[in-house]
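Colleague: Please take a close look at one acidic residue in this model and its surroundings. After that, go through the rest of the fold as far as it helps to place that residue.

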Amino acid sequence: VRDLKHLAVPDAGDFFREEAYAFDPGKILIVTKNGMSGQQLQEILLRDYALQMEMASGNYVVAMTSFMDTEEGFRRLSHALHAMDARMEDTGKAAFSPKDIYRQPEKQMEPYQAEEAAHGSVRLEEAAGKVSADYIYLYPPGIPIVTPGEMITKEIIEYILYAKEKGCSMQGTEDPYVEYLNVLSDERQVWK
């Protein structure tokens, strides 16, 4: 699958040691490079090719393999990826990558302090510059985008809106649609 243009299947040599603590060849990472989300890729693989992925998030899916998989099964996956890749267009959109998802928000206080502090609900679009009282994460994999006590930035809000648009499953807030976030209601409680 090295000849794919809009999809990629990285191997161990494509990662720096800091990026992947251990490479598991039994897990096949399939990455989109044209703005398609992992959820969209997973839906197409299941609907059109009867291939069930283990998980989808951001701009990738993970296919799990085992000693029970056959050569024919791997050929089916390769065929599906090549057929999809041939139909894809270069959208010019930046990839929906983990580097975009997992930034390091500015910590204002410890999570337990933010959870215990007075907080209120605001519309997502009005949360920039406020301190989160919620965890917000894509599930899977469940790594927080922002945790209680961290500053919510315009970039984080834009990312959340983009992830929602792409059909990603956002978790951690009281509002299942992530239209409202809990934020600290008294900014004087923020310490640095």
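Modeller: The model is a predicted one. Glutamate 150 is buried but forms no salt bridge. The nearest side chain of opposite charge belongs to lysine 107, 7.4 Å away, whereas a salt bridge would need a side-chain nitrogen within 4 Å of a carboxyl oxygen. The residue sits in the loop between S7 and helix H5 (154-165). Its side chain does have a polar partner in the backbone: the nitrogen of threonine 147 is reached at 2.9 Å. Beyond its neighbours within four places in sequence, glutamate 150 touches Gln104, Pro105, Glu106, Lys107 and Gln108, together with Lys130, Val131, Ser132 and Ile145.

Ile145 leads to the next level of the description. Ile145 is among the 18 residues of a nonpolar core, as are Val122, Leu138 and Ala163. Strand S7 (144-146) is an edge strand, as is strand S8 (170-171), each pairing on one side only. The open sheet they belong to has three strands in the order S7-S6-S8, with antiparallel pairing. Strand S6 (residues 136-138) is joined to S8 by two bridges, and leucine 138 stands opposite methionine 170 in S8.

Val122 can be followed in the same way. The bridge partner of valine 122 is leucine 181 in S9. Strand S5 (residues 119-123) pairs with S9 in the antiparallel sense, over five bridges. Strand S9 (residues 180-184) is largely enclosed by the rest of the structure, because four of its five residues are buried.

The largest nonpolar core has 20 residues, and those with the most contacts inside it are Ile30, Leu41, Leu45, Met53, Leu81 and Met84. Two or more residues each come from strand S2 (27-32), helix H1 (38-49), strand S4 (60-64) and helix H2 (71-87). The core of 18 residues that includes Ile145 lies apart from it. Methionine 84 touches Leu7, Leu41, Ile44, Leu45 and Tyr49, not counting residues up to four places away in sequence.

A second acidic residue can be set beside glutamate 150. Aspartate 3 lies in the segment before strand S1 (7-8). Its side chain makes a polar contact with the side chain of histidine 82, at 2.7 Å. The C-alpha atoms of aspartate 3 and aspartate 85 are 9.7 Å apart, with the two positions 82 residues apart along the chain. For glutamate 150, the polar partner named above is the backbone nitrogen of threonine 147.

Notes: Residues numbered from 1 in each chain as written. Predicted model: local features only at pLDDT ≥ 70, side-chain atom pairs only at ≥ 80, totals over all residues. Heavy atoms only, no water. Core = buried A, V, L, I, M, F, W, Y, C linked by side-chain atoms within 4.5 Å. Buried < 20%, exposed > 50% of the residue type's maximum accessible area, 1.4 Å probe, protein only. Contact = heavy atoms within 4.5 Å. Pairing = 2+ DSSP bridges. Polar contact = N/O pair within 3.5 Å; in protein donor to acceptor, adjacent residues only side chain to side chain. Lys, Arg positive; Asp, Glu negative; His and termini not counted.
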